[in-house]
Amino acid sequence: MAEQFRGTVAPERLHSLTYGIDPAPTAAGGAPRDGGALRLGYLGQVVPHKGIHTILAALRRLPPEGRPVELHVFGDADAQESYGRLLRREANASVFFHGKLENTQIGPALQSLDALVVSSVWYEVGPMTVMEAHAVGTPVLASAIGNIPFIVRDEVDGLHFQPGDADDLARQIARLRGDPELLARLRAGTRLPKPVDTELSELFQLYTQAVQAAPVVPSAGP
């Protein structure tokens with residue numbers, strides 16, 4: 001994101017800070033899942049620019065044999081009625097729409113997944129869901145657009161795919177489906193995001209520096 005402002009803002013005035021998150025709704029502690037279906041999930045707004053249709057298209061491209069794959073969608077599928085109807089038409093029996101979650105439900109929902117899919121097709125600054133997933137040790141299949149590739153480390157705590165490319169996403173899902181060791185390695189590679197208190201401290205420091213560097217404007221007097 002900072003690169004978008006190169007040449008517009010003086011380099012010494014440009015600072016790049018990552019978000020912090022409140023660990024309470026996503027407190028870690030769940031055990032890794034073993035066996036059964038590969039459980040993928042989407043969490044967030046159910047709108048076209050988030051690319052949920054790409055996930056459904058990728059699932060249709062998977063060969064029928066092999067480990068079953070489920071998709072669990074957490075979000076209001078009726079927020080944009082026409083898009084919600086489209087998704088339900090394209091979904092098969094292995095796609096489950098759970099509705100919007102309360103904050104306290106986010107951690108357990110993410111812990112129940114083998115991997116979160118962030119399928120955005122627009123220039124994301126940095127989805128909070130990625131950090132919430134990593135906070136509970138859940139790896140992320142990540143659309144390589146915007147800031148997402150910088151917060152999901154390819155082959156370390158997640159896998160990248162080309163935005164809007166259902167074939168590329170299907171390829172990465174197939175890898176997870178057929179290689180339990182890969183999934184375990186990605187899970188082990190996740191790291192705790194920084195706390196929101198750290199983010200606020202960093203912001204306060206920058207504001208303090210800006211105020212101290214600002215020129216003093218003399219008062220006009222009476």
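This report covers a sheet, one buried residue and two pockets in a predicted model.

**The sheet**

Six strands form an open sheet. Their order is 3-2-1-4-5-6, and the pairing is parallel. Strand 3 (95-97) and strand 6 (158-161) stand at the edges. Each has a single partner strand, so one side of each lacks a neighbour in the sheet. From one strand to the next, the twist averages 25°.

Take one pair inside this order. Strand 4 (residues 115-118) runs parallel to strand 5 (residues 140-143), and three bridges join them. Here L116 stands opposite V140 of strand 5.

**A buried leucine**

L113 sits in the loop between helix 3 (103-111) and strand 4. Is L113 buried or exposed? Its relative accessible area is 4%. Buried means under 20%, so L113 is buried. Beyond its neighbours within four places in sequence, L113 is in contact with R39, L40, G41, H72, F74 and T138. P48 is 65 residues from L113 along the chain, and their C-alpha atoms are 23 Å apart.

**Two pockets**

The table sets out the two pockets.

| Pocket | Volume | Lining residues | Closest to the centre |
|---|---|---|---|
| Largest | about 620 Å³ | 21 residues | S16, L17, T18, Y19 and N147 |
| Second largest | about 400 Å³ | 24 residues | L43, G44, M128, T129 and E132 |

Helix 4 (128-135) and helix 5 (148-151) each give two or more residues to the lining of the largest pocket. That lining has 12 nonpolar, six polar and three charged residues.

For the second largest pocket, strand 1 (38-43), helix 3, strand 4 and helix 4 each supply at least two lining residues. Its lining has 12 nonpolar, eight polar and four charged residues.

Note on methods. Residues are numbered from 1 along each chain as its sequence is written. This is a predicted model: local features need pLDDT of at least 70, side-chain atom pairs count only at pLDDT 80 or more; totals for chains, interfaces and linings use all residues. Side-chain values use heavy atoms; hydrogens and water are left out. Two strands pair if DSSP finds at least two bridges between them. Helices (H or I, at least four residues) and strands (E, at least two) are DSSP runs, numbered from the N terminus. Axes are lines fitted to C-alpha atoms, for helices over the stretch in contact, and angles run from 0 to 180 degrees between N-to-C directions. Buried means under 20% relative accessible area, exposed over 50%, partly exposed in between (1.4 Å probe, protein chains only). Contact means heavy atoms within 4.5 Å. On a 1 Å grid over the protein atoms alone, a cavity is a set of points where a 1.4 Å probe fits but cannot get out, and a pocket is an open set with protein on both sides within 12 Å along at least five of seven lines; lining residues have an atom within 4 Å of a point. Grid points are joined across faces, edges and corners, and a volume is the space filled by probe spheres set on the points. Ala, Val, Leu, Ile, Met, Phe, Trp, Tyr, Cys and Pro count as nonpolar, Asp, Glu, Lys and Arg as charged, and the others, Gly among them, as polar.
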